[in-house]
Amino acid sequence: MTKQDGRANIIAGELNKQFKHQQVAYFLGEQETPTDIRGFVSTGSTILDLAVANKPNGGLAVGRITEINGLEGSGKSLIGAHALADTQRQGGVAVYIDTESAVSEEFLRAIGVDTKQMLYVHIDTVEDIFDTIETIVTKIRESNKDKLVTILVDSLAAASTKIEMDADFDKDGYATHKAIIISKAMRKVTQLMARQKVCLIFTNQLRQKLGVMFGDPWTTSGGKALPFHASTRIRLKNVGQIKDTKKNTIGIKIRAQVIKNRLGPPLRTADFSLYFDNGIDDFGSWLDVLKAHKLVKQSGAWYTLKTSANEEIRFQSKDFEKKIKEVDGLKDELYQMICDACILTYNSKELGIDDVETTDEGLDEL
């Protein structure tokens, strides 16, 4: 160990003695810290999972706060419901906090949520939302410290406050109390999530800024606290309809943009299709990515894929999912191809001792 490392250890030890109730000084990469990701929960879209986590088998980070925003009918509740379904598949506890009174039990079951095992909480106010979050985490941790918990708050925009609920319907000036409450709560909840194996997801509604001619014309309800404290913010947009042969609308096309990301590179997008009867068409977006990166050849309605064993596989788009399930090892190989195409590799420099300018100034008094 170098002289510099030894003195850094001394500083860390002194800081941890000063704050006896908790450890505050760490060496990143050598021990678990509150910033470590404790796992991931899938959004239901492989491409969106990669865009958020920038690593294989990623998704929404456990131990962090995620905001999913968009206009009405853009799939916000759907993404949250897919996260609850994946939590249950991992053996975790799924919690649905509903402020909109608009949950469809049939649709939740259609996308894989076990509604009999999901905890459903119906509350009205922002104060009760954060009290409920704290109670749920505390009670679950009393019995199991390592159990995965995903809490979906759907939505923050629909939640009122106790002051607002007690008032009448007249205009009451600047309604800033909701933003103040959320700001105070976020300062507490962020630290609670960082030390627990909890994935906290908020859905939020977009509002249009009046008089904006340049820049982003959209904002979200509840002030700036949630955008500031959220590690990941995903904005969803409805970009088209999907119709059957009888011209009936059976789904929509969604574009998700990661507008803020503390897990990987921001401003990445993922396109996928949502069908009203069974949720996200994940494999359909796989084919779109393979085409965009020229990993498959298209000739008319037929696609040709060359595997690592130099075997050519021909298929049509309607048979793509069936082909993946029929050919052994094809799913894993295609997933690796997509990861190689979508994951950004950071250009990091490994510093040796000769690259670090050490100094004793200011440390001799320790």
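Start at A83, which is in contact with V41, S42, L60 and I201 once residues up to four places away in sequence are set aside. Keep in mind as you look around that this is a predicted model. A83 sits in helix α3, which runs over residues 76-89. With a relative accessible area of 0%, A83 is buried, because anything under 20% falls in that class. Take one of those contacts, L60: it lies 23 residues from A83 along the sequence, yet the two C-alpha atoms are 8.1 Å apart in space.

Now step back for the whole protein. The secondary structure adds up to eleven helices and 15 strands. Of the 366 residues, 42% are buried. Look at contacts with a separation of 6 or more, and 64% of them turn out to join residues 24 or more positions apart. On the outside, the protein exposes about 21,200 Å², with carbon and sulfur atoms supplying 50% of that area.

S42 is a handy bridge to the next stop, since S42 touches A83 and also turns up among the contacts of D49. D49 is in helix α2. Is D49 buried or exposed? Its relative accessibility is 7%, so D49 counts as buried. Beyond its neighbours up to four places away, D49 touches S42, T43, N54, G58 and G59. With T43 there is something more specific, a side-chain to side-chain polar contact of 2.8 Å. A little further along the chain, A61 is twelve residues from D49 in sequence, with 9.9 Å between their C-alpha atoms.

Helix α2 comes up again when you move to helix α11, residues 330-342. Helix α11 has 13 residues, and at 1.5 Å a residue it should span 18 Å; the C-alpha atoms at its two ends are 18 Å apart, so the expected and modelled spans agree. Its buried residues are L330, L334, Y335, M337, I338, C339 and C342. What lies over them? The cover includes four helices and strands from the later part of the numbering, α9 (282-292), β14 (302-306), β15 (312-316) and α10 (320-326), along with α2 (46-53). An α-helix has 3.6 residues a turn, so residues three or four places apart point the same way. You can try that on the buried set, which includes L330, L334 and I338.

Loops can hold buried residues too, and T99 is one to look at. T99 lies between β4 (93-98) and α4 (105-110), and its relative accessible area of 10% makes it buried. Which backbone atom does the side chain of T99 reach? It is the backbone oxygen of S155, at 2.6 Å. Leaving out neighbours within four places, T99 is in contact with I123, I129, D154, S155, A158 and A159.

Follow the chain from that loop into α4 and you meet a salt bridge. The side chains of R109 and E105 pair up at 2.8 Å, N to O. Both residues belong to helix α4, and they are four residues apart, about one turn of the helix. R109 is partly exposed at 45% relative accessibility, and E105 is also partly exposed, at 40%.

The salt-bridge count for the protein comes to nine, and two others tie together distant parts of the chain. D128 and K162 meet at 4.0 Å, N to O. Here D128 comes from helix α5 (residues 126-143) and K162 from helix α6 (residues 162-166), 34 residues apart. D128 is partly exposed, with a relative accessible area of 28%, and K162 is partly exposed at 42%. The side chains of D271 and R255 form another salt bridge, at 2.8 Å. This pair links strand β11 (residues 269-275), home of D271, to strand β10 (residues 249-261), home of R255, across 16 residues. D271 is partly exposed at 33%, as is R255 at 39%.

For a last stop, go to the surface by helix α1. I11, L15 and F19 form a nonpolar patch there, with about 210 Å² of accessible area together. I11 lies in helix α1, residues 3-18, and at 34% relative accessibility I11 counts as partly exposed.

Technical notes
Residues are numbered from 1 along each chain as its sequence is written. This is a predicted model: local features need pLDDT of at least 70, side-chain atom pairs count only at pLDDT 80 or more; totals for chains, interfaces and linings use all residues. Side-chain values use heavy atoms; hydrogens and water are left out. Buried means under 20% relative accessible area, exposed over 50%, partly exposed in between (1.4 Å probe, protein chains only). Contact means heavy atoms within 4.5 Å. Patches are made of residues with over 30% relative accessible area and no salt bridge: like charges are joined within 9 Å, nonpolar side chains (Val, Leu, Ile, Met, Phe, Trp, Tyr) within 5 Å. Accessible areas come from the Shrake-Rupley method with a 1.4 Å probe; for residues, only the protein chains shown count as cover. The expected span of a helix is 1.5 Å times one less than its number of residues. A polar contact is a pair of N or O atoms within 3.5 Å; within protein, one must be able to donate a hydrogen and the other to accept it, and residues adjacent in sequence count only if both atoms are side-chain atoms.
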